[in-house]
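Reader: I'd like to go through this one with you and ask how each label was earned. Could you show me the structure?

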Amino acid sequence: MARATDSDFMKMALSLAERGLGIVAPNPAVGCLIVRDGVVVGRGWTQKGGRPHAETEALARAGEAARGATAYVTLEPCAHHGRTPPCAGALIEAGVARVVGAVSDPDPRVAGKGYAMLREAGVEVIENVLEAEARALNQGFFLKVMDGRPLVTLKLATSADGKTATHSGHSRWITGEAARARGHLLRATHDAIMVGSATAIVDDPMLDCRLPGLEDRSPIRIVADGRLRLPLTSKLVRDARAGAPVWLLTMAGGDAARRAAFEECGVELIDVPKGADEHMDMQKALGLLGERGITRLLVEGGARLAASLIRAHRVDRIEWFCAPRIIGGDGTSGIASLGVDTLGKAPSLVLKETQSLGDDTLSSYVVRN
């Protein structure tokens, strides 16, 4: 059997890091392996809420076996004192001889300082092993640090001709059980989920994760509701104190009594400035979510919200669930008008993966913004 390479061990570390997606914000999801003489002696990943860090977890499991070992870390070990001591220092103290990193940390408090600390202590450092994969995994963290906004994933569930409902509004269920289960898994791996006010009013959703064993990974629930149209009797409002937090993105100046009623129910109101079209400025809305620590945002509807984000060049990925049926031109489109007058101005997508889910198909795209 061939000896495992640095890339092989880093792949394992990346798979560990994925376990933290959706539960570690505002921190990145990091994985760490401690390997000695080709044998994994410790492993860890960032825990819920961002602490403990992956390195701390892996070193605790490795114990004395970490001395002289190699640590594989999917993000540069931190070098600053926060709520916990720096992970670079913990690796040094544990006697690790070699650190293999996937990607440098963009946080100005780290940004090369972790690697420098390790080298100054005599630890061999290898950088940029599976860098592209590591960047993709933590794209939301990178965007929050560098652009001040979360990664935005648009989830669509449509017929083969891109419709989400019939002309009468009937929409349950366009896709089958396997596709719906995958949709709930998407919820579990994002920090927050957002819908428009029309979707919230018509569907009255809970926006939680209902996969067995993952119920505690329900994301923060957000409604883009500029004029506070959401009924106070909606499931989201009634569940705001018992379930995952509920936030309303709205415009300032709404009815004071209605604002107070939402807040009394446990709903947090976030005032978003108006854009040029007198609707909420979605670019600024995403910035406000970034300020609150959101790194990964899943958008599930509706058509106008999806269009506004696409027009603002703020959709990064699309998870498109497609059912093998045709509804026709009188159905409801999954994306509202974009005002595209030439094909050259149409948003361009890069297909990354296609999966069959029962009779349905899931196509995963990256958007070229």
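Author: Happy to. This is a predicted model, and a good place to start is its aromatic pairs, of which the count comes to 2.

Reader: What makes Phe 9 and Tyr 72 a tilted pair?

Author: The ring centres are 5.1 Å apart, and rings pair if their centres lie within 6.5 Å. The planes of Phe 9 and Tyr 72 stand at 35°. Stacked needs under 30 degrees and edge-to-face needs over 60, so an angle of 35° leaves the pair tilted.

Reader: Which parts of the chain does this pair link?

Author: Distant ones: Phe 9 is in helix α1 (residues 6–17) and Tyr 72 in strand β3 (residues 70–73), 63 residues apart.

Reader: Why is Phe 9 called buried, and why is Tyr 72?

Author: Buried means under 20% relative accessible area. Phe 9 has 6%, so Phe 9 counts as buried. Tyr 72 has 4%, so the conclusion for Tyr 72 is buried too.

Reader: Why is the pair of Phe 141 and Phe 142 called edge-to-face?

Author: Their ring centres lie 6.2 Å apart, and the planes meet at 90°. Edge-to-face begins over 60 degrees, so the name fits. Phe 141 is buried at 6% relative accessible area, and Phe 142 is buried with 6% as well.

Reader: What else is buried in α6, and what covers the buried residues there?

Author: Gly 140 and Leu 143 are buried in α6, along with Phe 141 and Phe 142. The cover includes α5 and β6 (151–159). Just after α6 comes Gly 148, with a positive phi of about 75°.

Reader: How do you know that the charged end of Arg 180 sits over the ring of Trp 173?

Author: The distance to the ring centre is 4.5 Å, and the cut-off is within 6 Å, with the charge also within 35 degrees of the ring normal. Arg 61 lies over the face of Trp 45 too, at 5.6 Å from the ring centre.

Reader: Now for the empty space. How much of it lies in the second largest pocket, and what lines that pocket?

Author: About 970 Å³. There are 32 lining residues, and the closest to the centre are Glu 18, Leu 21, Arg 296, Arg 317 and Glu 319. Elements that give two or more residues include α6 (139–147), α7 (177–188) and β15 (348–357), while α5 gives the most, with 5 residues. By class, the lining divides into 15 nonpolar, 6 polar and 11 charged.

Reader: What makes Gln 355 partly exposed?

Author: The relative accessible area of Gln 355 is 21%. Buried is under 20% and exposed is over 50%, so 21% falls in between and Gln 355 is partly exposed. Its place is in strand β15.

Reader: Which residues does Gln 355 touch, leaving aside neighbours within four places in sequence?

Author: Gln 355 is in contact with Arg 182, Asp 360, Thr 361 and Leu 362.

Reader: How many cavities of 30 Å³ or more does the search find?

Author: The search of the whole structure finds 1. The largest cavity has a volume of about 60 Å³, and that value is set against the 30 Å³ used in the search. Its lining has 13 residues, with Leu 21, Asn 27, Asn 138, Thr 295 and Arg 296 nearest the centre. That lining has 6 nonpolar, 5 polar and 2 charged residues.

Definitions and conventions: Residues are numbered from 1 along each chain as its sequence is written. This is a predicted model: local features need pLDDT of at least 70, side-chain atom pairs count only at pLDDT 80 or more; totals for chains, interfaces and linings use all residues. Side-chain values use heavy atoms; hydrogens and water are left out. Rings of Phe, Tyr and Trp (its six-membered ring) pair if their centres lie within 6.5 Å; planes under 30 degrees apart count as stacked, over 60 as edge-to-face and the rest as tilted. Helices (H or I, at least four residues) and strands (E, at least two) are DSSP runs, numbered from the N terminus. Buried means under 20% relative accessible area, exposed over 50%, partly exposed in between (1.4 Å probe, protein chains only). On a 1 Å grid over the protein atoms alone, a cavity is a set of points where a 1.4 Å probe fits but cannot get out, and a pocket is an open set with protein on both sides within 12 Å along at least five of seven lines; lining residues have an atom within 4 Å of a point. Grid points are joined across faces, edges and corners, and a volume is the space filled by probe spheres set on the points. Ala, Val, Leu, Ile, Met, Phe, Trp, Tyr, Cys and Pro count as nonpolar, Asp, Glu, Lys and Arg as charged, and the others, Gly among them, as polar. Contact means heavy atoms within 4.5 Å.
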